[in-house]
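Biologist: I should be grateful for a close look at a single part of this protein, written for a first-year student. Please take the cavity and the elements around it, and explain each step with care.

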Amino acid sequence: MIWWLGRRKKERSDLFFLVRVVFLFVVINVIEVVVLVVFWATWCNPCVEKVPILNRALELYEKDGFAILGVNLDSGPERVRLVRRFLVEFGIPWPNVLDGEGVHDIAGSYAVSEIPANLLIGRDGKVVTFDLTSSELLE
């Protein structure tokens with residue numbers, strides 16, 4: 001699943017963006033899940049290496065209210081096609097958004113300067129920690 005964050009040539013309206021933001025708020029705050037937000041790109045080899053670890057963490061903790069949300073940082077006119085192909089090829093089951101620009105720049109909002117990167121959002125909707133290691137994810 002891919003969601004587009006941000007606008008590009010009037011392809012998406014502010015209402016569409018608002019609906020996605022509200023959905024994420026509901027997932028985090030009403031259902032009270034712990035969400036690992038993962039920043040990644042299709043060209044990032046360390047990101048690819050993390051996929052099995054993220055899959056394992058989801059298998060272990062999903063029943064306890066753990067979820068993953070991917071934020072893709074690819075750019076360019078072919079990014080939607082590349083991301084879709086990547087998600088299918090690697091069997092990624094969690095939802096992903098395409099990072100936007102300006103006020104829709106999620107990575108910039110959290111000062112993400114290199115990938116892979118992640119942040120953990122607790123059941124209360126607050127950031128618990130940044131950049132969990134593979135071993136910390138599986139503890």
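Modeller: The following account begins with the whole chain, turns to the cavity, and then visits the elements around it. The model is a predicted one, and every value below is computed from it.

The protein contains five helices and six strands. Read from the N terminus, these elements follow the order β-α-β-α-β-α-β-α-β-β-α. The chain has 139 residues, of which 40% count as buried.

How many cavities of 30 Å³ or more does the structure hold? The search gives one. Empty space of this kind is revealed by rolling a probe the size of a water molecule over the atoms. The largest cavity has a volume of about 140 Å³. It is lined by 15 residues, and those closest to its centre are Val38, Trp40, Cys47, Lys50 and Leu54. In terms of residue class, the lining is made up of 12 nonpolar, two polar and one charged residues.

Which elements supply at least two residues each to this lining? They are strand S2 (34-40), helix H2 and strand S5 (117-121). Helix H2 contributes the most, with four residues. These three elements may now be taken in turn, together with what they touch.

Strand S2 is joined to strand S3 by seven bridges, and the two strands run parallel. One of the pairings is that of Val34, whose bridge partner in S3 is Phe66. Between the two strands the chain passes through H2, and this β-α-β crossover is right-handed. Helix H2 is thus a connection between S2 and S3 as well as a contributor to the cavity lining.

Helix H2 covers residues 45-61 and also holds a salt bridge, for both Glu59 and Arg56 lie within it. The two residues are three positions apart, about one turn of the helix. In general, side chains of opposite charge can pair when their charged atoms come close. For Glu59 and Arg56, the closest N and O atoms are 3.3 Å apart. A salt bridge requires these atoms to be within 4 Å, so the pair qualifies. Are the partners buried or exposed? Glu59 counts as exposed because its relative accessibility is 56%, and the cut-off for that class is over 50%. Arg56, at 41%, counts as partly exposed.

The search of the whole structure finds two salt bridges. The other one brings together the side chains of Glu78 and Arg81, at 2.5 Å from N to O. Both partners are partly exposed, Glu78 with a relative accessibility of 39% and Arg81 with 40%.

Strand S3, the neighbour of S2, spans residues 66-72 and is mostly covered, with six of its seven residues buried. Strand S3 also pairs in the parallel sense with strand S4 (residues 96-98), over three bridges. Here the bridge partner of Gly70 is Asn96, in S4. A further right-handed β-α-β unit is made by S3, helix H3 (residues 79-89) and S4.

The remaining element of the three is strand S5, where Leu120 has its place. Leu120 counts as buried because its relative accessible area is 16%, and a buried residue must be under 20%. How far apart are Leu120 and Leu36 in sequence and in space? They are 84 residues apart in sequence and 4.5 Å apart in space, from C-alpha to C-alpha.

The loop between helix H4 (106-109) and S5 contains Pro116. The peptide bond from Ile115 to Pro116 is cis, with omega near 5°. As a rule, most peptide bonds are trans, and most residues other than glycine have a negative phi. The second part of that rule bears on Asp131, where phi is near 55°, a positive value in a residue other than glycine. Asp131 belongs to the loop between strand S6 (127-130) and helix H5 (134-137). With a relative accessible area of 46%, Asp131 is partly exposed.

To return to the request, the cavity of about 140 Å³ has S2, H2 and S5 each supplying at least two lining residues. Two of these elements, S2 and H2, also take part in the right-handed crossover that leads to S3, while S5 is the strand that holds Leu120.

Terms used:
Residues numbered from 1 in each chain as written. Predicted model: local features only at pLDDT ≥ 70, side-chain atom pairs only at ≥ 80, totals over all residues. Heavy atoms only, no water. Buried < 20%, exposed > 50% of the residue type's maximum accessible area, 1.4 Å probe, protein only. 1 Å grid on protein atoms, 1.4 Å probe; cavity = no way out; pocket = protein on both sides within 12 Å on 5 of 7 lines; lining within 4 Å. Points joined across faces, edges and corners; volume = space filled by probe spheres on them. Nonpolar A, V, L, I, M, F, W, Y, C, P; charged D, E, K, R; others polar. Pairing = 2+ DSSP bridges. Right-handed = clockwise from strand over helix to strand, strands pointing away.
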